[in-house]
Amino acid sequence: MQIRGLTYFDYRKLKRLVSYLCNEDNDRIAKSLMQVPVSFLNAVLPLALKFHSESFILVENAEILGLITLVTTPGNPYKINITRLIFKDNCYEVGKQLVEFVIQKYGAKGATSFMVTIDECHDELFNLFINGCGFRKCASETLWKIEKPTPQKVDIKWRYAQVSDTKSIAELYNSELINMYKPSLTRHPKEFQDSLLGGLAEYYKTRYLLEDNKKIMGYLSITTSDNLNYIIDMTLNSGYEYDYEKIINLLLCEIAGKRRAFYPLIKQKKYVKNSDHLGEYLQNKGYLPIQTQQILVKDYYKPLPAESQTWKVFTLGENQVSVQ
C-alpha cells in the first residue's frame, strides 16, 4: 500500500472509487477533486500559505482504495479541517490509515489541531475518529432551511466588515462562546478576514457588522460554495435583545440582490450563549432543521487513547451542506 497526493492521472480510478457512493453527483464530486493547476500550486506552498484543499489517496495494486481531503483554516493554517473521507465498504483500516497519515504529515509541518464535522446519525464515523484515531467530541451545529424565502427590506443599521474590524469581531465571537467550548473553538482575529489568495478559495463569504454608537453588536456572514445554497451565520452580543426577523431579512435581501433563485440555510451554533433563543425563534417560524453535525477535535500534542477494533464506515463529506 502507498499513500500519496491525488494527481490528474488518477481521475479514471477515482471515478471508480466514487461510484461506490451510489450518489447522483458522483461525476461532480470526482471533477471537484481534480482542480489540477490550483492543486499543484497549493501543494508546493508551505503550510502558512496554503489556500486550497488537498487530497491524498491510498493505492494498492494500481487501485485507489480510499481518499481523504483536508483544508487549512483561513487565517490560521495550523488548524486543519478534514472535509472528505471515502473508502470502499469493508476497508475500514484504509480510512484509519488515511486519517493517521494526514495527522502525522501536517503535525510535522506545525499543525496543532485537527477538526472534522460528522452528521449526528453516523455512529460508525464516531467509532472511527474517536475510538480509532483519538478525536474527541466537542460541540454541534444545526442547519435550518427557509422554505420559499420572501426577502423584505428592513430598517437596521449595518455595514460591511473591514480588515480593521477583525480584532473586534474576534473579541465578540470569543466572548459569546460558552466557557466549556472556549479551549477548542476560540478564534484568532485573522480567521475573520479573507486570505491573500481568497479569489482561489472553494467558497465565497461576505461579512457584515451590526453597530450601535460605533459599538459592534453583531457579526453576520453569508457563505456559499455553489451560488445556490447560502449559509447564514450570526454571532450576536447576548447582553441585548434582537429582532431575528429583521436580521434574517437583511441577509436574505443581500442574497436576493445577487441571485434570483437560492436556498437559504441558517446555522445554529449550539456552543454560543444565545443558541437556545435562536433555536426557539427558528422553530416557532416553522423553519426546518435539515442537518445536525457533531464537531470532533484532535489536538496534535495529546496522547492517543486505546485503539478500537470496531470501525464500520465508508464515506464522509458527501451529504454535508455546510462550508468552512
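Strand β2, spanning residues 54-60, is largely enclosed by the rest of the structure, because six of its seven residues are buried. This description, like everything that follows, comes from a predicted model.

Two strands pair with β2. Strand β1 (residues 2-5) runs antiparallel to β2, and four bridges connect the two; one helpful landmark here is Gly 5, whose bridge partner in β2 is Phe 56. Strand β3 (residues 63-73) is also antiparallel to β2, joined through seven bridges, and within this pairing Leu 58 has Gly 66 of β3 as its bridge partner. The connection between β2 and β3 is a hairpin with two residues between the strands, and Asn 61 in the turn has a positive phi of about 55°.

Further along the chain, Tyr 242 lies in the loop that links β10 (229-236) to α8 (244-256). With a relative accessibility of 21%, Tyr 242 counts as partly exposed, since buried means under 20%. Beyond its neighbours within four places in sequence, Tyr 242 is in contact with Met 217, Leu 236, Asn 237 and Ile 247. For Asn 237, the side chain of Tyr 242 reaches the backbone oxygen at 2.9 Å. Tyr 242 and Leu 278 are 36 residues apart along the chain, and their C-alpha atoms are separated by 9.9 Å.

As for confidence, the chain has a mean pLDDT of 85, with 83% of its residues at 70 or more. Over residues 308-314 the pLDDT is below 50, although this stretch has 21 contacts in the model beyond near neighbours in sequence. Residues 319-324 also have pLDDT below 50, with 23 such contacts. Where pLDDT is low, the predicted coordinates should not be read in detail.

Terms used. Residues are numbered from 1 along each chain as its sequence is written. This is a predicted model: local features need pLDDT of at least 70, side-chain atom pairs count only at pLDDT 80 or more; totals for chains, interfaces and linings use all residues. Side-chain values use heavy atoms; hydrogens and water are left out. pLDDT is the predictor's confidence in each residue, from 0 to 100. Contact means heavy atoms within 4.5 Å. Buried means under 20% relative accessible area, exposed over 50%, partly exposed in between (1.4 Å probe, protein chains only). A polar contact is a pair of N or O atoms within 3.5 Å; within protein, one must be able to donate a hydrogen and the other to accept it, and residues adjacent in sequence count only if both atoms are side-chain atoms. Two strands pair if DSSP finds at least two bridges between them.
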